[in-house]
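Let's take a friendly look at the enclosed empty space inside this protein. Where does it lie, and which residues surround it?

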Amino acid sequence: MNKKNIIVPFLLISSLAFADIQVDSIKKEKKTTDYSYSITVPNFKLNGKELKDVNGAFENEILTLIKKTKFEGKELSKLGSSAKAETVADFEKYENSFGVASVVTENYTYTGGANGITVLNSYNLDERNGKILLFDDIFIESAKQSFEKGILQIVKNNNSGKYMSDIENVNLDDAVMYFEGDYIIFKFQKYSIAPGSSGNPAFRYNKEAIKNFIKYDFGN
């Protein structure tokens, strides 16, 4: 195996940058006998002006989550269940030195049964122009495979029970990407590479360590 093609995360001291994008929030909540929801989503502004496309998508998400929660609540009621549908959505913004407004949303839904489902999503916007940055915008073509090999190596070499023991491959499509300090971080969805007790495993990469894989000009 060519070790040069495996990226393994490690830690260095970070520094922070000031954002040109302001991240506010919009919240909707309600409780009834059949369902409840508490939904908080980000609202982006670039130099004081709303980013209508991005914010419009979040407004649609609110409507979709509310509609689904009401429907699931009515279905549970029809079945005579004592459980009620629940949706809890929130987000966290991460300061970083890349010049990126980086947000991770966490959506929890319960529609009956033993456990609910939590799904993470991330949104990374260039603070200079509001452009949404995807993995392929930031990294060269070979980077994805290199990250996956490095993470797989860590998972397979860990015998603590933190990760699933039968993992044969890692797919970055099962992770969200965000920026914090001097790091690009990949956080995996629950149960994708680890048991529920491990939550959402995250792997941190200092930008200096992976600079040869970065093609995007962050302008700093």
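Searching the whole of this predicted model turns up two cavities of 30 Å³ or more. Rolling a probe the size of a water molecule over the atoms is what shows where empty space is left.

Here are the two side by side:

| Cavity | Volume | Nonpolar lining residues | Polar lining residues | Charged lining residues |
|---|---|---|---|---|
| Largest cavity | about 50 Å³ | three | four | three |
| Second largest cavity | about 30 Å³ | three | three | two |

Let's begin with the largest cavity, which has a volume of about 50 Å³. Its lining is made up of Leu65, Lys68, Thr69, Glu72, Ala85, Glu86, Thr87, Thr109, Tyr110 and Thr111. Two or more of these residues come from each of helix H1 (52-78), strand E4 (85-94) and strand E5 (100-110). Which element gives the most to this lining? That is H1, with four residues.

Now for the second largest cavity, with about 30 Å³ of space. Around this cavity you will find Thr40, Val41, Phe58, Glu61, Ala89, Asp90, Thr105 and Asn107. At least two lining residues are supplied by each of strand E2 (35-46), H1, E4 and E5.

To trace these spaces in the structure, you could start from helix H1, which contributes four residues to the lining of the largest cavity and at least two to that of the second largest cavity. Strands E4 and E5 are also good landmarks: each gives two or more residues to the lining of the largest cavity, and each supplies at least two for the second largest.

Notes: Residues are numbered from 1 along each chain as its sequence is written. This is a predicted model: local features need pLDDT of at least 70, side-chain atom pairs count only at pLDDT 80 or more; totals for chains, interfaces and linings use all residues. Side-chain values use heavy atoms; hydrogens and water are left out. On a 1 Å grid over the protein atoms alone, a cavity is a set of points where a 1.4 Å probe fits but cannot get out, and a pocket is an open set with protein on both sides within 12 Å along at least five of seven lines; lining residues have an atom within 4 Å of a point. Grid points are joined across faces, edges and corners, and a volume is the space filled by probe spheres set on the points. Ala, Val, Leu, Ile, Met, Phe, Trp, Tyr, Cys and Pro count as nonpolar, Asp, Glu, Lys and Arg as charged, and the others, Gly among them, as polar.
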